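This report describes a pocket, an annotated domain and a pair of helices, for a reader who has the sequence and the coordinates at hand.

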Amino acid sequence: MAVEKMSIAKALNESLRKALEQDPKVLIMGEDVGKLGGVFRITDGLQKDFGEERVIDTPLAESGIVGTAIGLALRGYRPVVEIQFDGFVFPAYDQIVTQLAKMHARALGKIKLPVVVRIPYGGAIGAVEHHSESPETLFAHVAGLKVVSPSNATDAYWMLQQAILSDDPVIFFEPKRRYWDKGEVDTEAIPGELHKSRVVREGADLTLAAYGPMVKVCVEAAAAAAEEGKSVEVLDLRSMSPVDFDGIQASVEKTRRLVVVHEAPVFLGVGSEIAARITERCFYHLEAPVLRVGGFHAPYPPARLEDEYLPGLDRVLDAVDRSLAY
């Protein structure tokens, strides 16, 4: 067993390194991913070790980056594309939703596009406009795309490799505010299924379900609730498309209450679909309506106001109290 303590950023770097070593068809593409190693240094050292033909610095043209990756995938490569910041993905949105997501169905299953699009997402880093978005719902809504997000170093390491091995396109959202959070990673473990949720903390009174950056907040909320005698289960969803509804249902049938938390706006967010599905599936188990905690239905604010916009410990605990009050 090879266990090493590393940050999420380091885990992603090591995961990409392993993928490059194992398959010569794996390529990395993006703005500043080569000599600079990416703005968050996720690809640091990879161009030096694998060359400019496999770790490719591209022009500032997201549509061209993804379009080129699609062409490379058609030729048998496995491109891993980096979008520098969440808000920069929209010039590539047309390529992603009309080509990348549709090609397999358009070709009646004869064509596969194993492309991974890595997107650092979310706020709480004090950034300027277009650098703190949470656009995951816009991709989860598109049939033909898998959408996932790790919350810890172990998942960052293994989920990225699983995404690269997938024959379907994967949108891989990386919680940028958690890049420097550290955890132990077993690089020789047998990973779980890419789209299965995971119970992070056992509980009996209520389930907090989250993914990516909000899992840590929910764990902190569960610990705070425990001081008041409330037993809160924390479920890391890990995947936004497909969603592990069976895993959520199993937790809710035990706790009988559910609060879904994400940074993205509550309005038509991933939590909306989860709330609707779990209400349908668990109607006779629920002791309270499914509640949602998330961002406001408004443009992401300037950095000095983002603490008011982002769901934090107090807003999560308020939802816990409201649910338990029914």
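The text below takes the pocket, then the domain and the helix pair.

The model is predicted, so local features need pLDDT of at least 70 and side-chain atom pairs count only at pLDDT 80 or more, while totals for chains, interfaces and linings use all residues. Residues are numbered from 1 along each chain as its sequence is written.

The largest pocket (an open set of points on a 1 Å grid where a 1.4 Å probe fits, with protein on both sides within 12 Å along at least five of seven lines) has a volume of about 720 Å³. Its lining (residues with an atom within 4 Å of a point) comprises 32 residues, and Thr137, Leu138, Leu268, Gly269 and Val270 lie nearest the centre. By class, 18 of the lining residues are nonpolar, ten are polar and four are charged. Each element in the table supplies at least two lining residues, with H10 giving the largest share, five residues; helices are DSSP runs of at least four residues and strands of at least two.

| Element | Residues |
|---|---|
| Helix H6 | 136-140 |
| Strand E12 | 239-241 |
| Strand E13 | 258-265 |
| Helix H10 | 270-281 |

An unreviewed UniProt entry lists residues 6-181 as "domain: Transketolase-like pyrimidine-binding", an annotation that may be inferred rather than shown by experiment. This span is 36% helix and 17% strand, and its end C-alpha atoms lie 8 Å apart.

Helix H1 (residues 8-22) packs against helix H7 (residues 153-165) at an angle of about 30 degrees, with the axes 8 Å apart. The two helices are therefore roughly parallel to each other, a term for angles under 35 degrees, and H1 passes H7 in a right-handed crossing.

Conventions. Side-chain values use heavy atoms; hydrogens and water are left out. Grid points are joined across faces, edges and corners, and a volume is the space filled by probe spheres set on the points. Ala, Val, Leu, Ile, Met, Phe, Trp, Tyr, Cys and Pro count as nonpolar, Asp, Glu, Lys and Arg as charged, and the others, Gly among them, as polar. Axes are lines fitted to C-alpha atoms, for helices over the stretch in contact, and angles run from 0 to 180 degrees between N-to-C directions. Angles under 35 degrees count as roughly parallel, over 145 as roughly antiparallel, 65 to 115 as roughly perpendicular and the rest as oblique. A crossing is left-handed if the near helix is turned anticlockwise from the far one by less than a right angle, and right-handed if clockwise.
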